[in-house]
Amino acid sequence: MREEDDLYKSRSQKKRESTALQGLGEDLARLSPAVLRRLDMPEELLEALLELARTKTHEAKRRQKQLIGRLMREEVEDPTPLFDAVEAARKR
């Protein structure tokens with residue numbers, strides 16, 4: 001079903017969704033490693049988020065954020081629980 005939905009999305013819509021997931025990745029990277037490990041996400045995404053937190057240079061961070069956005073598009077079926085986790089962390 002997801003592939004069918006993607007067929008009917010405009011290029012702009014796909015870009016907006018991709019940018020939103022990349023922003024979610026940035027927000028997730030600000031959470032502590034302990035909180036990240038409790039979330040239900042693919043191991044590869046978890047490692048990419050932990051690596052982003054350790055990355056120092058601007059260009060390396062940019063590439064890592066793009067990788068996180070790609071992983072989120074490809075590996076995460078429903079990003080809602082991840083958005084919820086970020087919201088819960090902001091309220092604390």
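**Exercise 1. Describe how helix α2 meets helix α4 in this predicted model.**

*Solution.* Step 1: identify the residues that touch. From α2, the residues G25, E26, L28 and A29 meet L49, L52 and A53 of α4.

Step 2: sort these residues by class. The contact of α2 with α4 holds 5 nonpolar residues, 1 polar residue and 1 charged residue.

Step 3: consider the geometry. Two packed helices are described by the angle between their axes and the distance between the axes. Here the axes of α2 and α4 come within 9 Å and cross at roughly 70°. Angles of 65 to 115 degrees count as roughly perpendicular; α2 and α4 are therefore roughly perpendicular to each other.

Step 4: state the handedness. The crossing in which α2 passes α4 is right-handed.

**Exercise 2. Determine how α2 and α5 are oriented and which residues join them.**

*Solution.* Step 1: begin with the axes. Those of α2 and α5 are 8 Å apart, and the helices pack at an angle of about 115°.

Step 2: classify the angle. The two helices, α2 and α5, are therefore roughly perpendicular to each other. In passing α5, helix α2 makes a right-handed crossing.

Step 3: list the residues of the contact. Helix α2 contributes S18, L21, Q22, L24, G25, E26 and L28, while α5 contributes K65, Q66, I68, G69, M72 and R73.

Step 4: divide the residues of this contact by class. The contact of α2 with α5 comprises 5 nonpolar, 5 polar and 3 charged residues.

Step 5: examine two pairs of positions that link these helices. R70 lies in α5 and is partly exposed, with a relative accessible area of 33%. Although R70 and S18 are 52 residues apart along the chain, their C-alpha atoms are separated by 7.8 Å. The second pair begins with T19, which is placed in α2 and counts as partly exposed at 45% relative accessibility. Between the C-alpha atoms of T19 and K65, which are 46 residues apart along the chain, the separation is 10.0 Å.

**Exercise 3. Decide how α4 and α5 run relative to each other, and place A48 in the contact between them.**

*Solution.* Step 1: take the angle and the distance. The axes of α4 and α5 are 10 Å apart, and the packing angle is about 160°.

Step 2: apply the cut-off. An angle over 145 degrees counts as roughly antiparallel, and α4 is accordingly roughly antiparallel to α5. Their crossing is left-handed.

Step 3: name the residues. On the α4 side the contact is made by E44, L45, A48, L49, E51 and L52; on the α5 side, by K61, Q64, K65, L67, I68, L71 and M72. By class, the contact of α4 with α5 divides into 8 nonpolar, 1 polar and 4 charged residues.

Step 4: turn to A48, a residue of α4. A relative accessible area under 20% counts as buried, and A48, at 5%, is buried.

Step 5: find the partners of A48. Neighbours within four places in sequence aside, A48 is in contact with Q64, L67, I68 and L71. One of these, L71, is 23 residues from A48 in sequence and 8.7 Å from A48 in space, C-alpha to C-alpha.

**Exercise 4. Trace the largest nonpolar core and the part that L28 plays in its contacts.**

*Solution.* Step 1: recall the general tendency. In soluble globular proteins, nonpolar side chains tend to be buried together.

Step 2: establish the membership. The largest nonpolar core has 22 residues, among which L28 and L36 touch the most other members. At least two residues of this core come from each of α2 (11-29), α3 (33-38), α4 (43-54), α5 (58-75) and α6 (80-91). Helix α4 supplies the largest share, 6 residues.

Step 3: follow the contacts of L28. Apart from neighbours within four places in sequence, L28 is in contact with L36, L39, L49, M72, L82 and V86.

**Exercise 5. Is Y8 buried or exposed, and where is Y8 found?**

*Solution.* Step 1: locate the residue. Y8 is found in the loop between α1 (2-7) and α2.

Step 2: assess its accessibility. The relative accessibility of Y8 is 72%, so Y8 counts as exposed.

Step 3: relate Y8 to a residue of α4. Y8 and E44 are 36 residues apart in sequence, and 29 Å separates them in space, C-alpha to C-alpha.

Technical notes. Residues are numbered from 1 along each chain as its sequence is written. This is a predicted model: local features need pLDDT of at least 70, side-chain atom pairs count only at pLDDT 80 or more; totals for chains, interfaces and linings use all residues. Side-chain values use heavy atoms; hydrogens and water are left out. A nonpolar core is a set of buried Ala, Val, Leu, Ile, Met, Phe, Trp, Tyr and Cys residues joined through side-chain atoms within 4.5 Å. Buried means under 20% relative accessible area, exposed over 50%, partly exposed in between (1.4 Å probe, protein chains only). Helices (H or I, at least four residues) and strands (E, at least two) are DSSP runs, numbered from the N terminus. Contact means heavy atoms within 4.5 Å. Axes are lines fitted to C-alpha atoms, for helices over the stretch in contact, and angles run from 0 to 180 degrees between N-to-C directions. Angles under 35 degrees count as roughly parallel, over 145 as roughly antiparallel, 65 to 115 as roughly perpendicular and the rest as oblique. A crossing is left-handed if the near helix is turned anticlockwise from the far one by less than a right angle, and right-handed if clockwise. Ala, Val, Leu, Ile, Met, Phe, Trp, Tyr, Cys and Pro count as nonpolar, Asp, Glu, Lys and Arg as charged, and the others, Gly among them, as polar.
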